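Here are some short exercises to work through with the structure on screen. Try each task before you read its solution.

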Amino acid sequence: MPTESLAPMRPICGVAASAPRLRITMRALRCSAAPGIWTTWSPNLGGRPPGLIPRRTLRLVGEVSDESRAGRDRVRVLFVEDDPSVAQMYKLKLELDGYDVDVVSDGEKAVDAARKDPPDIVFLDIRLPKLDGFGVLEALRENPNTERLPVVILSNYSEKELIERGLRLGALDYLIKTQTTPAHLSRGMEGWLKD
């Protein structure tokens with residue numbers, strides 16, 4: 001076990017300080033979270049005798065960080081968009097920011113996916129094959145499992161009548177694609193999920 005000693009204190013303003021020699025002991029402890037790693041800790045000068053952090057504390061610290069990662073549920077997003085390049089652009093950004101994203105390309109698939117396994121939030125285009133976005137929104141609001149599902153419309157159409165219709169049907173927000181970046185969408189997630 002290596003030890004270090006400090007020399008007696010030097011005289012201060014011509015007065016010799018007669019402090020005793022301090023002896024600091026450094027020990028190594030195998031970390032329980034990673035048995036192959038040895039860690040050296042300095043003495044505890046907070047009132048306890050010098051030594052190492054107890055092994056159970058190290059283990060507890062490791063468990064807490066693992067639990068915080070594992071205990072946090074990821075937000076599930078259903079992104080309804082028929083243009084694959086647009087869908088991929090938004091999906092990539094949302095996944096990089098920690099969200100799970102499923103993409104569907106038509107309105108009927110969107111209703112089926114939302115009813116089968118309701119996501120936490122839906123981003124919905126208006127112009128879709130088979131069933132347009134307003135039809136999807138109406139179908140979601142008619143079903144008790146999806147009637148409160150947060151839906152944000154993301155469309156190229158910016159006509160006032162369409163925006164009012166979407167909001168009247170229960171959309172949380174109506175975003176215009178040309179004015180909305182993937183980063184903007186990701187930043188808004190927390191607010192939309194609180195509504």
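**Exercise 1. Work out how far to trust this predicted model.**

*Solution.* Start with the chain as a whole: the mean pLDDT is 75, and 63% of the residues reach 70 or more. Next, look for weak stretches. Over residues 3–7 pLDDT stays under 50, and the model has twelve contacts there beyond four places in sequence. Residues 11–19 also stay under 50, with five such contacts. Where pLDDT is low, the predicted coordinates should not be read in detail.

**Exercise 2. Describe the protein chain in a few numbers.**

*Solution.* Count the elements: the chain has six helices and nine strands. Then check burial: of its 195 residues, 31% count as buried. Now turn to the surface, where the chain exposes about 12,800 Å², with carbon and sulfur atoms supplying 53% of it. Last, take the contacts with a separation of 6 or more: 52% of them are between residues 24 or more positions apart.

**Exercise 3. Find the aromatic pairs that involve phenylalanine 79, and classify them.**

*Solution.* The structure holds three aromatic pairs. Begin with phenylalanine 79 and tyrosine 90: their centres are 5.3 Å apart with 25 degrees between the planes, and the pair is stacked. This pair links distant parts of the chain, since phenylalanine 79 sits in strand β5 (residues 76–80) and tyrosine 90 in helix α2 (residues 84–96), eleven residues apart.

Now try phenylalanine 79 with phenylalanine 123. Here the centres are 6.0 Å apart and the planes meet at 40 degrees, so this pair is tilted. It too links distant parts of the chain: phenylalanine 123 belongs to strand β7 (residues 121–124), 44 residues away from phenylalanine 79.

Are these two phenylalanines buried or exposed? Buried means under 20% relative accessible area. Phenylalanine 79 has 1%, so it is buried; phenylalanine 123, at 0%, counts as buried as well. To finish, step back: ring pairs join Phe79, Tyr90, Phe123 and Trp192 into a cluster.

**Exercise 4. Decide how enclosed helix α4 is, and say what covers it.**

*Solution.* Helix α4 runs over residues 133–142, and seven of its ten residues are buried, so the rest of the structure largely encloses it. Pick them out on the model: Gly133, Phe134, Gly135, Val136, Leu137, Ala139 and Leu140. Their cover includes α3 (107–116), β7, β8 (151–155) and α5 (160–168).

Then look at the N-terminal end of α4. Aspartate 132 caps it, with a side-chain oxygen 3.3 Å from the backbone nitrogen of phenylalanine 134.

**Exercise 5. Locate the largest nonpolar core and see which elements build it.**

*Solution.* This core has 21 residues, and the ones that touch the most other members are Val80, Val122, Leu124, Val136 and Ile153. The elements giving two or more residues to it are β5, α3, β7, α4, β8 and β9 (173–176). The largest share, five residues, comes from α4.

Zoom in on valine 80. Beyond four places in sequence, valine 80 has contacts that include Val104, Ala110, Val122 and Leu124. There's also a second, separate core of 17 residues, with Leu94, Phe123, Val152 and Leu185 among them.

**Exercise 6. Compare three charged residues in loops: where is each one, and is it buried or exposed?**

*Solution.* Take lysine 177, which you'll find in the loop between β9 and α6 (182–194). Its relative accessible area is 14%, so it counts as buried. Leaving out residues up to four places away in sequence, lysine 177 touches Glu81, Tyr90, Asp125, Leu154, Ser155 and Asn156.

Go on to lysine 130, in the loop between β7 and α4. With a relative accessible area of 62%, lysine 130 is exposed. Its backbone deserves a look too: phi is positive, about 70 degrees, although this residue is not a glycine.

Finish with aspartate 106, in the loop between β6 (100–104) and α3. At 5% relative accessibility, aspartate 106 counts as buried. Its side chain reaches the backbone nitrogen of glutamate 108 at 3.0 Å. Leaving aside neighbours within four places in sequence, aspartate 106 contacts Val80, Pro129 and Lys130.

Methods
Residues numbered from 1 in each chain as written. Predicted model: local features only at pLDDT ≥ 70, side-chain atom pairs only at ≥ 80, totals over all residues. Heavy atoms only, no water. pLDDT = per-residue confidence, 0-100. Contact = heavy atoms within 4.5 Å. Phe/Tyr/Trp six-rings, centres within 6.5 Å; stacked < 30°, edge-to-face > 60°. Helix = DSSP H or I, 4+ residues; strand = E, 2+ residues; numbered from the N terminus. Buried < 20%, exposed > 50% of the residue type's maximum accessible area, 1.4 Å probe, protein only. Polar contact = N/O pair within 3.5 Å; in protein donor to acceptor, adjacent residues only side chain to side chain. Areas by Shrake-Rupley, 256 points an atom, 1.4 Å probe, with all protein chains shown as cover. Core = buried A, V, L, I, M, F, W, Y, C linked by side-chain atoms within 4.5 Å.
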